[in-house]
Structure formats: structure tokens, C-alpha cells
Amino acid sequence: MKKHMKTIILVIVGAAILIGGIWGVNESRYPNVPAFDDHFTRKFLNKDKKAADGFYEFKSKTGQYTMWFPEEYQVLHKYREDYTRSGESYENWSAAYIKPYENDQQTYAINVKFSENDTTSELIYVESLFKEQLGSKKPKQLETSNTRIYYNSAYTYFRGTNQHIVHDSKENPPNLYVAYVADKSSDKVIKLIYDSVGENTETNQMDRKKWFLKMLKNIHFNEGK
């Protein structure tokens with residue numbers, strides 16, 4: 001009986017070592033960055049396609065678009081509403097990066113909403129988005145070979161329950177960036193919002209703007225879907 005138990009124990013230990021070894025090999029295949037530390041986030045990312053310093057390619061579960069995803073961020077999935085999708089026509093997700101700061105923390109977040117909007121009403125959708133998020137501030141515009149991009153930014157803060165929006169970037173670096181990206185050959189659009197909360201989250205306005213524009217310019221809608 002003792003010999004039999006010893007054999008069973010050895011088999012269990014051997015299996016555990018083998019499983020642990022396989023797990024270790026599998027994990028070593030992924031880049032050592034926060035985005036790939038989260039098993040849900042890595043489902044969207046191409047581990048073999050680092051887009052640029054600090055970004056990896058993100059592939060939508062709708063199959064309708066790809067974009068650049070910042071490597072420090074993780075897609076939220078604790079609650080059902082954190083990630084929602086309806087077939088190939090709608091997807092809404094948020095990702096966050098939380099950084100300890102002194103006795104508090106700095107929180108950086110992006111929200112991406114993919115949908116299909118009638119292009120004949122594009123300016124109405126754009127106006128509505130920027131009125132809601134930035135108090136009707138007129139967006140800046142740029143184009144890539146495949147997309148029309150509307151974007152702008154501001155500094156926002158809450159006093160009590162009231163949100164205040166400051167458009168003077170010389171007074172306060174923006175902590176809220178908003179964009180509307182439209183496909184030139186279809187009704188596909190993405191609304192992308194970035195914001196940060198916490199003391200000293202935004203220390204270099206030019207770097208943040210370049211970072212934001214990198215994401216916008218590298219949104220690619222898939223053709224023929």
C-alpha cells in the first residue's frame with residue numbers, strides 16, 4: 001500500500017512539474033509588458049506585431065478594424081458592461097493604466113466605441129460628440145488615406161458634482177482628448193476618448209498629443225466586411 005501511494009505521489013508531482021513547465025514555456029512566448037500580463041487583453045493583441053515603441057496591434061472581435069494599443073494598458077473586463085459587442089456592427093470597450101503616485105495613484109483610461117453611422121449625417125454626430133464631451137469646442141481635422149479624423153482636447157475637473165471644462169491649454173495641460181474617426185469608404189466610425197485623473201498626470205502636452213494622434217492615425221477599417 002505504501003509503495004502504491006508513493007507511486008501515485010510521484011506521478012502527481014511529475015504531472016505538476018510537466019504542466020508547470022508547459023505553462024512557463026507558453027507564458028514566455030508573450031512580451032513582458034502589462035498588456036500581455038492580462039489574459040483577457042492578450043486575446044485582442046498580436047504578440048508578433050509590435051506596431052511601434054509602446055504599442056502593439058489590437059484586432060477587434062468584430063473583425064471590422066485594427067488599431068494601435070498602448071502596452072501599459074489592460075482591457076477592463078471585471079463587469080459585463082466593461083466590454084460589449086453586437087455581432088460585427090458594434091463594439092464598446094475601455095482600457096486603463098493605473099500608476100502609483102506618492103500616497104495616491106494616477107489613472108489613465110481610453111474608451112473606444114465602434115459603430116456604423118450614416119455618413120450624410122457625419123457633421124451632426126461630430127457636433128454632438130464634441131458638445132457632450134468638450135462643451136461644443138470646434139474640433140481640429142486631419143485625414144489619412146483612408147480616414148477622416150476629428151479631434152480636440154481640454155482640461156476638465158469636477159467641483160462637487162459639476163464638471164468644469166478649461167480650454168486654455170497654457171493654463172492647464174489637457175487631460176481629456178476626444179476623437180471621431182470615420183472610414184472614407186463605408187459608414188464605419190470609431191469614437192475614442194482618453195482621459196487621466198490624478199495629480200501631475202499630464203506633464204508634457206506635446207508628448208501626449210503625439211501619443212494620441214498615433215492611435216488615431218493608425219486606426220484601420222477592414223475593407224469588404
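**Hairpins, an open sheet, a helix and two pockets**

In the hairpin of β6 and β7, 2 residues lie between the strands, and Glu-102 takes a positive phi near 50°. The model is a predicted one. The two strands of this hairpin, β6 and β7 (residues 104-116), are antiparallel and pair over 11 bridges. One place to look along this pairing is Lys-99, which stands opposite Gln-106 in β7.

Strand β6 also takes part in a hairpin with β5, and here 3 residues separate the strands. Gly-87 in this hairpin has a positive phi near 55°. The pairing of β5 (residues 83-86) with β6 is antiparallel and comprises 4 bridges. Across it, Arg-85 faces Glu-91 of β6 as its opposite residue. In a regular strand, side chains alternate between the two faces of the sheet. A further partner of β6 (residues 90-101) is β4 (residues 74-75), joined to it by 2 bridges in the antiparallel sense. Val-75 has Ala-95 in β6 as its bridge partner.

Another set of strands forms an open sheet. Its 4 strands follow the order β1-β2-β3-β13, with antiparallel pairing. At the edges stand β1 (45-52) and β13 (220-221), each of which pairs on one side only. What joins β13 to its neighbour β3? There are 2 bridges between β13 and β3 (residues 65-70), and the strands run antiparallel. Tyr-65 is the residue opposite Phe-221 in β13.

Phe-221, which lies in β13, can be followed further. Is Phe-221 buried or exposed? Its relative accessibility is 10%, and because the cut-off for burial is under 20%, Phe-221 counts as buried. Phe-221 and Ser-185 are 36 residues apart in sequence, while their C-alpha atoms are 9.2 Å apart in space.

Helix α4 covers residues 205-217. Its 13 residues should span 18 Å at 1.5 Å a residue, and the C-alpha atoms at its ends are 18 Å apart, so the expected and computed spans agree. At the start of the helix, Asn-204 places a side-chain oxygen within 3.2 Å of the backbone nitrogen of Met-206. Which residues of α4 are buried? They are Arg-208, Trp-211, Phe-212, Leu-213, Met-215 and Leu-216. An α-helix has 3.6 residues a turn, so residues three or four places apart point the same way.

The helix also borders open space. Rolling a probe the size of a water molecule over the atoms shows where empty space is left. The second largest pocket holds about 240 Å³ of space. It is lined by 13 residues, and those closest to its centre are Glu-202, Asn-204, Asp-207, Arg-208 and Trp-211. Helix α4 gives the most to this lining, with 5 residues. Arg-208 and Trp-211 thus appear both among the buried residues of α4 and among the residues closest to the centre of this pocket. By class, the lining has 6 charged, 4 polar and 3 nonpolar residues.

The largest pocket has a volume of about 340 Å³. Its lining is made of 18 residues, with Tyr-155, Thr-156, Asn-175, Ser-196 and Val-197 nearest its centre. Two or more lining residues come from each of α3 (122-134), β9 (147-159) and β12 (188-197). This lining divides into 8 polar, 7 nonpolar and 3 charged residues.

Definitions and conventions
Residues numbered from 1 in each chain as written. Predicted model: local features only at pLDDT ≥ 70, side-chain atom pairs only at ≥ 80, totals over all residues. Heavy atoms only, no water. Expected span 1.5 Å × (residues − 1). Buried < 20%, exposed > 50% of the residue type's maximum accessible area, 1.4 Å probe, protein only. Polar contact = N/O pair within 3.5 Å; in protein donor to acceptor, adjacent residues only side chain to side chain. 1 Å grid on protein atoms, 1.4 Å probe; cavity = no way out; pocket = protein on both sides within 12 Å on 5 of 7 lines; lining within 4 Å. Points joined across faces, edges and corners; volume = space filled by probe spheres on them. Nonpolar A, V, L, I, M, F, W, Y, C, P; charged D, E, K, R; others polar. Pairing = 2+ DSSP bridges.
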